[in-house]
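Okay, thanks everyone, let's get going. I'll put the structure up and then talk you through a few places in it.

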Amino acid sequence: MRAMRTTRTGLVAALAAGLLACSGGGETSGPGGGGSDTGGMSAGGMGGGGGEELPPASEDWSRDILTTAIAIDLASLTGEATITLAPGSTTGASFEIGDLTIQAVRTAEGQDLHYEDAGEALHVGVPAGATLVIDYTFTSHDDFDGWLGASGVSFLWPRFCGNLFPCKSDPSDGVTFELSVVGAPAGATAVHPTSFGADAPSYMPAVAVGEFTKLSLGTTAAGTEVSVWYLPGGATDATTGTQNLLGAFDFYEQTLGTYLFGGEVGSVSANWGGGDYGGMEHHPYWHVSSGSMYHEITHAHEAAHGWYGNGVRIGCWEDFVLSEGTTTYLAARGLASQGYDAWPEYECSLKYTCEQANTVALPDDSCNVIDIISHPLWGPAPYYKGAYFYRGVAMVIGEAALDVALGEFYAAHAAG
């Protein structure tokens, strides 16, 4: 489901309104679609059912993806995506496919459909009411842009979902996913969700494969089991880094509202090369780099994305601060509820950030014009300037009032 672009204007306006109400007035400051290439392939022909002709392949990036069930085989590097679409004004549907090789496009009943493989885009002719099944092969990557075979993890953020399954990488576009994984090496465990429970952004499906040990951290008051999965030799860092994760997650549930993505959650050690690289919000089993497993703030930050970033999706990449600034603030709130003060580290990081060339946290109003990977916005400024904005609001209206505002906004817009 496509989210309304409320996260930029709506959330900031809600906070400003609360600030004004409590201060007596005054002023505040504070590939989706691309054209198809020539060439490609076409499959299908005359349908069954009375010889009705199937629609030709055509480009339509506006078709809303409702559900995607992904089945991948890591041994053969093959996949199958079963996709349901909302009704559209055309008989076309388009998907990003990165470097996938499309083998077939058919209905759930096995009827071959017309399609065009236009390089990094797939255009399909969709009969009314049809569920699409797309068979494909994928490749192993080494640059954090798909299935990282040598590391045993997937990495789809921000726009690389098409290297693992047909998708649309617009961050506002939510899909209810299912994920099946086979073909893990002997002796290894594949950690991944099987279903997601609510609409999620396209980069959220993830799998990590390794010799994992699972450590249960306990259960929240709402009944959510919180765990950590660590690799050989990682027990000490995992235990240290997650000592307050259960309490922080319970704080999020109690303060912000119901978690949408399942009854079991936790941090998974990701073999990203051993550096202190932070984490990635692949809920319900978010990834934390093996070199960052010791770091409590990273665990709490990625957990908070279940509410902001994943639960409430950003409308555009230009709204990055509304995901990262919000969760950086929430991580501090969640850890503070357990007696851990994150603000000294934030202060150091903010000072360092402000000494750098770029400190822009919210660029001029535009929507998905920038490439977040190459744009200067991709940096620490949105994280720490965003967190300090919230802290400034809390100093005026009170932390409890800000908690209520964030919870109400989440209730109104989560999975929308």
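I'll start with the whole chain, then go through a sheet, a helix and two single residues.

First thing to keep in mind: this is a predicted model. The protein chain has eight helices and 17 strands. Of its 416 residues, 53% count as buried. The accessible surface comes to about 16,400 Å², and carbon and sulfur atoms account for 53% of that surface.

Okay, on to the sheet. It's an open one made of three strands, in the order S3-S6-S5, with antiparallel pairing. So which strands stand at the edges? Those are S3, residues 92-96, and S5, residues 115-117. Each has a single partner strand, so one side of each is left without a neighbour in the sheet. Going from one strand to the next, the twist averages 15°.

Quick reminder for anyone who lives in force fields: strands of a sheet pair through backbone hydrogen bonds, in either a parallel or an antiparallel way.

Let's go through the pairings. S3 and S6 are antiparallel and share five bridges. One of the residue pairs to look for there is Glu 96, whose bridge partner in S6 is Ala 121. On the other side, S5 is joined to S6, residues 121-125, by three bridges, again antiparallel. Here you can find Glu 116 opposite His 123, and Asp 117 with Leu 122 as its bridge partner.

S5 and S6 also make a hairpin, with three residues between the strands. If you like checking backbone torsions, go to Gly 119 in that hairpin: its phi is positive, near 85°.

Now, is S6 itself buried or exposed? Five of its five residues are buried, so S6 is largely enclosed by the rest of the structure. That goes for both faces. On one side you've got Ala 121, His 123 and Gly 125, on the other Leu 122 and Val 124, and they're all buried.

Next, a helix. H5 covers residues 320-336, which makes 17 residues. From first C-alpha to last, H5 reaches 24 Å, close to the 24 Å expected at 1.5 Å a residue. H5 is mostly covered too, with 16 of the 17 residues buried.

Right, single residues. Ser 267 is in strand S15, which runs over residues 264-270. Its relative accessible area is 0%, so Ser 267 counts as buried. What does the side chain of Ser 267 make a polar contact with? The partner is the side chain of His 299, at 2.8 Å. Leaving out residues up to four places away in sequence, Ser 267 touches several others, among them Trp 229, Leu 245, Trp 286 and Val 288.

The last one is Trp 147, in strand S8, residues 146-148. With a relative accessible area of 6%, Trp 147 is under the 20% cut-off, so it counts as buried. Again skipping residues up to four places away in sequence, the contacts of Trp 147 include Leu 74, Leu 77, Phe 138, His 141, Leu 164, Val 207 and Val 209. Take Leu 74 from that list: it's 73 residues from Trp 147 along the chain, yet the two C-alpha atoms are separated by 9.0 Å.

That's my tour, so over to you for questions.

Key. Residues are numbered from 1 along each chain as its sequence is written. This is a predicted model: local features need pLDDT of at least 70, side-chain atom pairs count only at pLDDT 80 or more; totals for chains, interfaces and linings use all residues. Side-chain values use heavy atoms; hydrogens and water are left out. Helices (H or I, at least four residues) and strands (E, at least two) are DSSP runs, numbered from the N terminus. Buried means under 20% relative accessible area, exposed over 50%, partly exposed in between (1.4 Å probe, protein chains only). A polar contact is a pair of N or O atoms within 3.5 Å; within protein, one must be able to donate a hydrogen and the other to accept it, and residues adjacent in sequence count only if both atoms are side-chain atoms. Contact means heavy atoms within 4.5 Å. The expected span of a helix is 1.5 Å times one less than its number of residues. Two strands pair if DSSP finds at least two bridges between them. Axes are lines fitted to C-alpha atoms, for helices over the stretch in contact, and angles run from 0 to 180 degrees between N-to-C directions. Accessible areas come from the Shrake-Rupley method with a 1.4 Å probe; for residues, only the protein chains shown count as cover.
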